[in-house]
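Biologist: Please take a close look at a single part of this model, the surface around one DNA strand.

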2 protein chains.
Amino acid sequence: MNATPPTRPPTSLDVARLAGVSQATVSYVLNDRPGARVSDETRARVREAADRLGYVPHAGARTLRTGRSGLVLISMEDIPYGPLAVGTLEELDRELSRRGYTLVQYGARRLKGVPAARAWAELRPVAVLAGAGKLNRQAVEVLRSAGVKAVVALGSRPSPVVPSVVLDHEGIGVMAAEHLIDRGCRSLAAVVPAEDGLREMGEHRLAGVQRVARAREIPLTRVDLPFHEDGAAALAELWRRVDGVFAYNDDYAMLLMAVLGDAGLAVPGDVRIVGCDDLPLAALLRPRLTTIRLDVSATPSALVQRLEEIIAESPAVPSRIDPWTATLIVRESS
Amino acid sequence: MNATPPTRPPTSLDVARLAGVSQATVSYVLNDRPGARVSDETRARVREAADRLGYVPHAGARTLRTGRSGLVLISMEDIPYGPLAVGTLEELDRELSRRGYTLVQYGARRLKGVPAARAWAELRPVAVLAGAGKLNRQAVEVLRSAGVKAVVALGSRPSPVVPSVVLDHEGIGVMAAEHLIDRGCRSLAAVVPAEDGLREMGEHRLAGVQRVARAREIPLTRVDLPFHEDGAAALAELWRRVDGVFAYNDDYAMLLMAVLGDAGLAVPGDVRIVGCDDLPLAALLRPRLTTIRLDVSATPSALVQRLEEIIAESPAVPSRIDPWTATLIVRESS
DNA sequence: ACGCGATGGTTATACGTATAATCAGTTGAT
DNA sequence: ATCAACTGATTATACGTATAACCATCGCGT
């Protein structure tokens with residue numbers, strides 16, 4: 001059954017023997033170490049031997065020897081999966097590997113705080129990007145003492161202890177609320193998704209709406225909504241008491257518009273609605289959906305450059321990176 | 001600026017010194033090695049010392065010593081991101097870590113074949129799950145010779161060389177086509193998304209439709225569609241020539257329904273439409289959308305168990321795992 | 001003839017861990 | 001009183017790599 005007998009993977013010493021040189025020479029050649037004096041002929045012999053054996057260096061042994069791993073760890077759980085995040089991640093990967101780093105997504109979803117930090121620290125990465133929620137002071141300390149140069153928080157709010165990539169959900173809520181109030185709304189509602197992965201982001205967007213509503217003295221109703229027809233329909237009376245809704249995103253906005261239509265309420269006549277994400281589909285609805293578009297603001301190259309600065313200085317003080325900008329796109333639903 | 005001076009991370013030897021024992025004892029205690037005879041008192045002292053120092057084992061050194069890494073690598077690029085995949089991945093992670101493995105998503109998006117395999121092999125993982133497209137025979141050979149026990153392909157078609165997790169897009173196309181023809185359609189169209197991440201899956205779903213259409217002698221038009229209103233509207237005459245469309249997924253189906261409505265065509269009267277994914281939103285449209293729902297068929301625990309079998313036997317012959325089952329949900333649009 | 005700087009390598013070592021092999025005490029059986 | 005068996009540790013080593021330090025050979029100017 002087994003195609004290959006369980007033979008040991010070839011090492012640099014095996015390559016050396018086949019090429020008739022010392023192991024050190026193999027290392028010098030394959031790493032193209034500047035300053036190493038090896039003849040072109042020997043270089044060729046070594047490369048040839050490595051090829052024939054299918055030699056692949058042992059990353060663990062290398063990090064053990066050098067003390068560095070070039071690994072950049074990112075925990076996925078706080079990343080909102082969508083074309084935006086996936087695309088950015090892909091470019092980030094490309095850019096990092098161009099500079100000799102290796103981007104690796106390491107779940108550890110169930111862990112946070114020190115246990116999560118210990119799991120990451122085992123790999124001796126050079127940088128860790130993780131949700132702000134799992135990077136408390138002690139966790140950062142664990143990473144630091146394991147030699148992690150850059151600890152960067154990802155989250156809706158900047159971390160008080162380390163540099164942060166801030167996904168500014170609060171700003172989205174602010175933008176939506178100000179628009180609705182400017183349009184004349186005097187009683188607002190804001191949707192918070194009931195789904196696990198979305199709720200937290202919903203809370204942060206809500207917080208933005210809240211801030212504006214309070215400042216301009218407009219009543220605000222929080223609506224915890226599961227993504228079902230029933231959930232929204234059950235709140236029929238609520239929709240009669242408000243004249244403006246921030247629906248969290250376009251999907252929920254479309255759900256709401258369907259329900260409101262069934263309930264005999266006119267959009268935007270009775271209720272104004274704002275979504276978020278600028279889904280192509282949202283522009284096709286009647287009325288066309290007002291939404292907030294998010295664009296990546298920093299090029300991956302700039303992001304990685306900033307990361308390298310952080311690696312170099314490994315600052316333990318907060319600073320802020322804003323990876324996207326929000327733009328209001330006014331259509332017909334508001 | 002630097003919070004901590006660049007001091008070396010603590011090693012098991014540091015722990016040993018603080019606890020007043022040998023390094024070997026530390027290893028025995030912290031790994032709970034059965035058969036190791038260490039008094040409870042010493043155990044406590046070692047644990048205490050490890051805690052105080054914030055000791056975290058060096059995964060690279062451990063891998064070097066033991067020859068195994070417990071790392072399970074999965075390449076993300078061929079995974080269609082959505083609630084289904086993300087949820088499955090999360091449970092997979094949980095289940096694997098329960099058994100002492102570490103799931104890691106390693107991009108290497110830009111690479112395929114041998115170069116990709118070399119990048120993965122450096123980490124000396126115990127298993128690699130990657131898109132069937134990047135696992136040619138030589139790549140598998142590289143992984144094998146680097147000690148990778150289980151090589152598993154992910155893709156729409158089973159790999160001819162290794163066990164595969166088959167995301168059966170073709171089956172989806174078959175299901176949609178048979179339904180439409182059974183409903184009386186005599187001229188079909190199938191949408192293939194023009195977006196990079198989706199096109200390939202679209203082609204496979206199309207292949208399923210094609211097979212059925214050919215067998216039942218029904219003409220079929222392939223429609224390469226970007227996700228814009230314009231894209232679909234530009235094909236206005238096309239929609240008059242067909243009476244059944246498989247729209248690739250619910251998003252495209254909704255796009256189509258909007259466009260067809262504007263063009264004065266009735267659904268399902270003039271054109272029948274089938275989507276896929278069973279989005280909650282799709283059930284709210286008028287007419288309600290007929291769709292295909294995908295459910296994970298194998299529990300993560302069963303999947304991991306199968307993976308462990310593969311690790312144990314490391315077979316180099318194809319076999320097949322079907323991670324989902326498809327169910328047709330007939331509503332009003334067909 | 002001699003030293004001397006290149007040239008083209010080699011030898012030796014350390015990184016942190018797991019584990020086989022060994023050893024010093026202590027206990028218990030005869 | 002003696003030896004075997006057990007307890008609770010220690011010593012020594014190997015894993016694969018990178019790199020500092022060393023060494024042999026050669027060409028060449030004086």
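**The surface near DNA strand D**

Modeller: 27 residues surround DNA strand D, and the closest are A:Ser12, A:Tyr55, A:Arg62, A:Arg65 and B:Ser39; a residue is near a strand if one of its heavy atoms lies within 4 Å of it. This is a predicted model, in which local features need pLDDT of at least 70, side-chain atom pairs count only at pLDDT 80 or more, and totals for chains, interfaces and linings use all residues. Residues are numbered from 1 along each chain as its sequence is written, chains are lettered from A and ligands numbered from 1 in the order in which they are written, and side-chain values use heavy atoms, with hydrogens and water left out.

Of the atoms of DNA strand D within 4 Å of the protein, sugar or phosphate accounts for 51% and bases for the rest. Phosphate oxygens of the strand lie 2.6 Å from an N or O atom in the side chain of B:Thr25, 2.6 Å from a backbone N or O atom of B:Ser39, and 3.2 Å from a polar backbone atom of A:His58. Helix H2 (23-30) and helix H4 (59-66) of chain A, together with helix H2 (23-30) and helix H4 (59-66) of chain B, each give two or more residues to this surface; helices are DSSP runs (H or I, at least four residues), numbered from the N terminus.

By class, the surface has 10 nonpolar, 11 polar and 6 charged residues. Here Ala, Val, Leu, Ile, Met, Phe, Trp, Tyr, Cys and Pro count as nonpolar, Asp, Glu, Lys and Arg as charged, and the others, Gly among them, as polar.

Notes:
Polar contact = N/O pair within 3.5 Å; in protein donor to acceptor, adjacent residues only side chain to side chain.
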